[in-house]
Amino acid sequence: MELIQSFSVDHTRIVPGIFTSRVDYLGDSTVTTYDVRLKRPNVEPAIDVAAMHSLEHIIATFLRNDTDWKDEVVYWGPMGCLTGFYLILKGNRAPQELYELTLRAFRAVESAEEVPGAAPVNCGNYLMHNLGMAKWYAKEFADYLESNAGNGAIFEYPKTERLVTDDGQHFYDS
């Protein structure tokens with residue numbers, strides 16, 4: 001089985017930031033998946049599950065209501081490893097073009113007074129939310145983005161070097 005693109009990213013070197021994960025061309029349309037990474041994988045603790053759930057609700061609501069971007073948003077949701085989120089947008093933009101939107105979204109969490117859709121009729125696990133911790137993670141990430149705005153590493157995936165034999169076989173570290 002072929003290794004998927006997101007597993008070719010060197011997770012031992014990735015830093016928090018905004019990265020292009022993949023670009024898909026669907027007929028006349030293009031959609032791009034972005035990796036919005038809040039934590040260094042396998043170095044920092046993963047994000048608390050209840051806080052991650054609250055971040056998902058608040059930021060998804062923010063993105064789908066942002067006047068400049070709402071028509072471009074296809075999806076916002078957590079990574080299984082709980083170190084970040086995937087944002088899928090129509091079109092194909094450089095990660096740097098998402099910097100202001102991402103910063104505004106995480107700053108909006110800091111001022112949220114409730115988690116939208118956190119009721120049994122709206123959410124499959126409405127009791128699993130933690131607004132206070134979501135605010136803490138949001139501030140931490142927004143502060144990080146601001147202090148690293150000039151650091152190109154927050155926009156460029158580190159790629160894993162793969163050994164390729166003379167006959168074209170690929171070797172992957174595990």
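Is Asn42 buried or exposed? Asn42 is exposed, because its relative accessible area is 74%, and a residue counts as exposed when that value is over 50%. The structure described here is a predicted model. This briefing covers helix H1, one enclosed cavity and two loop residues, beginning with the helix.

**Helix H1**

- Helix H1 covers residues 49–65, and its 17 residues should span 24 Å at 1.5 Å a residue.
- The end C-alpha atoms of H1 are 24 Å apart, which agrees with that expected span.
- At the N-terminal end, H1 is capped by Asp48, which places a side-chain oxygen 3.2 Å from the backbone nitrogen of Ala50.
- H1 is mostly covered, since 12 of its 17 residues count as buried, a term that stands for a relative accessible area under 20%.
- The buried residues of H1 include Ala50, Ala51, Met52, His53, Ser54 and Leu55.
- His57, Ile58, Ile59, Ala60, Phe62 and Leu63 are also among the buried residues of this helix.
- Strands S3 and S4, together with helices H2 and H3 (131–147), are the elements against which the buried residues of H1 pack.
- An α-helix has 3.6 residues a turn, so residues three or four places apart point the same way.

**The cavity**

- Rolling a probe the size of a water molecule over the atoms shows where empty space is left.
- One cavity of 30 Å³ or more is present in the structure, and the largest cavity has a volume of about 40 Å³.
- The lining of the largest cavity is formed by Val36, Ile59, Leu63, Trp76, Leu87, Thr102, Ala105 and Phe106.
- Two elements, H1 and helix H2 (99–110), each give two or more residues to this lining.
- H2 supplies the largest share of the lining, with three residues.
- In character, the lining of the largest cavity comprises seven nonpolar residues, one polar residue and no charged residue.
- Ile59 and Leu63 belong to the lining of the largest cavity and are also among the buried residues of H1.

**Loop residues with positive phi**

- Asn42 is not a glycine, yet it has a positive phi of about 65°.
- The position of Asn42 is in the loop between strand S2 (29–37) and helix H1 (49–65).
- Leu82, likewise not a glycine, has a positive phi of about 60°.
- Leu82 is located in the loop that lies between strand S3 (73–78) and strand S4 (84–90).

Methods: Residues are numbered from 1 along each chain as its sequence is written. This is a predicted model: local features need pLDDT of at least 70, side-chain atom pairs count only at pLDDT 80 or more; totals for chains, interfaces and linings use all residues. Side-chain values use heavy atoms; hydrogens and water are left out. Helices (H or I, at least four residues) and strands (E, at least two) are DSSP runs, numbered from the N terminus. Buried means under 20% relative accessible area, exposed over 50%, partly exposed in between (1.4 Å probe, protein chains only). On a 1 Å grid over the protein atoms alone, a cavity is a set of points where a 1.4 Å probe fits but cannot get out, and a pocket is an open set with protein on both sides within 12 Å along at least five of seven lines; lining residues have an atom within 4 Å of a point. Grid points are joined across faces, edges and corners, and a volume is the space filled by probe spheres set on the points. Ala, Val, Leu, Ile, Met, Phe, Trp, Tyr, Cys and Pro count as nonpolar, Asp, Glu, Lys and Arg as charged, and the others, Gly among them, as polar. The expected span of a helix is 1.5 Å times one less than its number of residues. Contact means heavy atoms within 4.5 Å. A polar contact is a pair of N or O atoms within 3.5 Å; within protein, one must be able to donate a hydrogen and the other to accept it, and residues adjacent in sequence count only if both atoms are side-chain atoms.
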